[in-house]
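Me: I'd like to go through the labels on this one with you, with the cut-off behind each. Please set every value against its definition.

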Amino acid sequence: MGRTRLLTGRALLAEAVALAGSLGATELEHVTDSPTQAPQYQAQPERRAELLRLAGFERARDGRRFRRRSGAEHTTHDSRLTWRSLPSLGREPFISLLAEALPTSADAQLAARVATHGARRAAESLFADMEEFSYEPSWWEIGYTTDGTPAALSLPARNPSTAVIGLVAVSPACRGNGYATAVVARGTRLLLEAGADEIRGDCDAANTAMIMAFERAGYENFADRQEFTRRL
């Protein structure tokens, strides 16, 4: 990165940090995608990452982005799980399952939430964040095994631009059985039935179970995303 560009970039970020702090912000976030994606089309992601590090940002997540378009072959329904929705269960079973699953999540951002807030508060705040999305309450479900054990959680939704798988969680006691794939397939089916032409989902590069779940459900890894944060 040329010295003039580097100095200009650092000055711009310093101004943004100061302005955000003056407006009451406590944290800034930034993402870079490779290959470049709309709407930012940010060229040279490696140099951008270098500049962010020099400005005090830390990488919060090495992410993988997945996409499924209409017409892709649909994953077979997993008959091992019986699904019950939010209207019949209420919020508490969802938060309890999240609190159980988050401490051993392979997702760096979720692990950071637990480290900061503890499992229960992290689960409550994550569920509240998901409630900011557009969704039908009947889409949100917990999958139960044949003996009634809550095994997996599915929170498909829509953001302003596309349908998303949203959030997937599997109880630690039930991992290793392919239930993450069942959740992605379940959310995909509900979103397609609701008219979605394209569905997206993100996960941590270290979360191999989720990467396999997306691939098995007909998704393609169309981009990698680096996420950065800076405390103010």
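Me: Which residue just after H8 takes a positive phi, and what is the angle?

Reply: Glycine 218 does, with a phi of about 90 degrees. Positive phi also turns up at glycine 56 just after H2, at about 95 degrees, and at glycine 118, which follows H5, near 85 degrees. Do keep in mind that this is a predicted model: local features need pLDDT of at least 70 and side-chain atom pairs 80 or more, while totals for chains, interfaces and linings use all residues. Residues are numbered from 1 along each chain as its sequence is written, and side-chain values use heavy atoms, without hydrogens or water.

Me: What makes a stretch such as 208–216 a helix, and which of its residues are buried?

Reply: Helices are DSSP runs of H or I with at least four residues, strands are runs of E with at least two, and both are numbered from the N terminus. In H8, residues 208–216, the buried ones are Met210, Ile211, Ala213 and Phe214. Viewed down the axis of H8, these fall within an arc of 160 degrees, so they line one face of the helix. That arc is taken from the directions from the helix axis to the C-beta atoms. Thr208 and Arg216, on the other side of H8, are exposed. The words follow relative accessible area with a 1.4 Å probe on protein chains only: under 20% is buried, over 50% exposed, and in between is partly exposed.

Me: How do you know that the buried residues of H2 share a side?

Reply: The buried residues of H2 (45–54) are Pro45, Ala49, Leu51 and Leu52. Around the axis they cover an arc of only 160 degrees, so they sit on the same side of H2. Glu46 and Arg53 are exposed on the other side. The partners of the buried residues are H1 (3–22), E1 and E8 (220–231).

Me: Why is E1 called an edge strand?

Reply: Start with the order: the eight strands form an open, mixed sheet that reads E1-E8-E2-E7-E6-E5-E4-E3. E1 (27–34) and E3 (82–85) each have a single partner strand, so one side of each has no neighbour in the sheet. On average, neighbouring strands are turned by 30 degrees against each other, direction ignored. Two strands pair if DSSP finds at least two bridges between them. E1 and E8 have eight and run antiparallel, with serine 34 matched to aspartate 224 in E8. E3 and E4 are antiparallel as well, over four bridges; there the partner of arginine 84 is isoleucine 142.

Me: What joins E2 to E7, and where does H8 touch the sheet?

Reply: E2 and E7 run antiparallel and share seven bridges, and glycine 63 stands opposite aspartate 204 in E7. H8 packs on the sheet by touching E2, E6 and E7, and its direction makes about 160 degrees with that of E7. Touching means contact, that is, heavy atoms within 4.5 Å. For the angle, axes are lines fitted to C-alpha atoms, for helices over the stretch in contact, and values run from 0 to 180 degrees between N-to-C directions.

Me: Why is the pair of phenylalanine 94 and phenylalanine 127 called tilted?

Reply: A search of the whole structure finds five aromatic pairs. In this one the ring centres are 5.9 Å apart and the planes stand at 45 degrees, so the pair is tilted. Rings of Phe, Tyr and Trp (its six-membered ring) pair if their centres lie within 6.5 Å; planes under 30 degrees apart are stacked, over 60 edge-to-face, and the rest tilted. Phenylalanine 94 sits in H4 (92–101) and phenylalanine 127 in H6 (119–130), 33 residues apart.

Me: What makes the pair of phenylalanine 127 and tryptophan 140 edge-to-face, and is tryptophan 140 buried or exposed?

Reply: Phenylalanine 127 itself is buried, at a relative accessible area of 0%. The centres of its ring and that of tryptophan 140 lie 5.4 Å apart with planes at 75 degrees, so this pair is edge-to-face. Tryptophan 140 lies in the loop between H6 and E4, so the pair ties together parts 13 residues apart in sequence. At 0% relative accessibility, tryptophan 140 counts as buried. Phe94, Phe127, Tyr135 and Trp140 form one aromatic cluster.
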